[in-house]
Amino acid sequence: MAPKSKSRELSEVLKIQIASGALHPGEQLEPIVKLAERYKTTVATVSRAMEFLEQYGLVQRIAGRGIFVCEKKSCRIAIVLDRVFAYSTSAYSSLHIILKEIDQQCMDLNWSYELFPNVVDGNSARSFLVKLAQNEFDAVFIGSLYIARNYDTLFRDRMVYTIGIYNYKELSYSLIFNTYRMAHDAVLELNRLGCRKIALFDMDVSMDWSSTPDMTRRGYFDGLKRIGKLHDQALYKRVPVSQQGGFDALTELWEHCDARPLGVISSDSLMTFGMIQAAFSRGMRIPEDLIIASHANLGCDAAQFSVPVIKYVNPVGRQIRRVFANIQNYMKGETPPFGVELIEPIKQVSGRKDFFARHGHTGARK
């Protein structure tokens, strides 16, 4: 990430003082020359820092009088998405819960937000970029590869808190589900339940901006290594994120793998629904013939299964509430967190629990 200019750094120091109340609304700032002496910098740097603060509505210049601290304002949020999320607007997706939780949090806090869908290039990003240049936003949720790839150019010298909806490599902060832990634990659990073969159905989508598939695969391989099983390439499949994808993948695997019970780890609940449909159509018994360990988003319709499934639940709403707590602290002048924050899976059982209980699986636990 490109380093911030000295004027930007000074503006953020003053922003913290304003947000914390050290500089209160209506208070007059020292003259620019005095501020330059205090912070051991140039008059030009202070003048530019004042321009940043003025652009964001934190200070106001009054001709002949000086620069004054403005009244506090509410937070303004942008949500920028690309077409990867086009399929994700249904109640089966994490994005549905994310948008619902953002809406609720903004209502509770009296904040405003604006959604920018299908941002894939400069043309489709134009509306967002114009408002970003006009300092319309205090925080931005980024779910667009185009915006992520141009992050340094777009957000350098801007006082905006950015949050990656997924783990974009270019972003400074992302809050993501620990799929490594899910896959690793699922291998151990399926092995304990007697599965002779354990497969992984991983998401086959264009997610080169995210480390999530790599995390899932590494967790799976490390889990197999831990239980002393060699990796069989035929048991690792990249599957389209759809019910049909799960249906086709399990049908093919079932025809070529005679191990019973067969264990399958699914990295998406839509795929899992397709697997359950395939199991019913092929006369498979769940969980006697097939034991499924699946990802599921807490609060989504796809988190509910009618058959016994070991679920690794992602508390999406809790993630967003944590992000909003960070935004609130940022608006108060605190330094926001950086890096990738992993959310640990919550292990549960869906459907009939008697089978798992007989094998020592007692139900929901972390």
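Partly exposed here covers relative accessible areas between buried, under 20%, and exposed, over 50%. Glu30, with a relative accessible area of 30%, is therefore partly exposed. This residue is a handy way into the model, which is a predicted one, because its side chain meets that of Arg38 in a salt bridge, with N to O at 2.7 Å. Arg38 itself sits at 51% relative accessibility, so it counts as exposed.

The Arg38 pair belongs to a broader set, as the structure holds 14 salt bridges. Another one links Glu51 to Arg48, and here the closest N and O atoms are 2.7 Å apart. Both residues lie in helix 3, which spans residues 43-55, and being 3 residues apart they are separated by about one helical turn. Glu51 comes out at 35% relative accessibility, which makes it partly exposed, and Arg48 at 34% gets the label partly exposed as well. Then there is the salt bridge between Arg61 and Glu54, with 3.0 Å from N to O. Arg61 is partly exposed at 35% relative accessibility, and Glu54 is partly exposed with a relative accessible area of 32%. Salt bridges also turn up as a network, in which Asp185, Glu189, Arg192 and Lys347 are linked.

Arg61 leads on to the strands. Strand 1 takes in residues 59-62 and strand 2 residues 66-69; the two run antiparallel and are joined by 4 bridges. One of the pairings puts Ile62 opposite Gly66, its bridge partner in strand 2. Together the two strands make a hairpin, with 3 residues left between them. Gly64 sits in that turn and has a positive phi of about 80°.

Helix 4 is worth a longer look. It runs over residues 94-109, and at 1.5 Å a residue its 16 residues should span 22 Å; the end C-alpha atoms are indeed 22 Å apart, in agreement with that expectation. On the buried side of things, the helix contributes Ser94, Leu95, Ile97, Ile98, Glu101, Ile102, Gln105 and Cys106. Looking down the axis of helix 4, these buried residues fall within an arc of 160°, so they line one face of the helix. What do the buried residues of helix 4 pack against? Their partners are four strands and a helix by name: strand 3 (76-81), strand 4 (112-116), strand 5 (139-143), strand 11 (290-297) and helix 12 (316-331). The face turned away from the buried side carries Lys100 and Met107, which are exposed. Just after the helix comes Asn110, with a positive phi near 60°.

As for confidence, the mean pLDDT of the protein is 84, and 86% of its residues reach 70 or more. Among the elements, strand 10 (residues 262-266) has the highest mean pLDDT, at 96, while helix 13 (residues 354-358) has the lowest, at 56. Over residues 360-366 the pLDDT drops below 50. That stretch still has 17 contacts in the model beyond near neighbours in sequence.

Terms used:
Residues are numbered from 1 along each chain as its sequence is written. Side-chain values use heavy atoms; hydrogens and water are left out. A salt bridge is a side-chain nitrogen of Lys or Arg within 4 Å of a carboxyl oxygen of Asp or Glu. Buried means under 20% relative accessible area, exposed over 50%, partly exposed in between (1.4 Å probe, protein chains only). The expected span of a helix is 1.5 Å times one less than its number of residues. The arc is that of the directions from the helix axis to the C-beta atoms. Contact means heavy atoms within 4.5 Å. Two strands pair if DSSP finds at least two bridges between them. pLDDT is the predictor's confidence in each residue, from 0 to 100.
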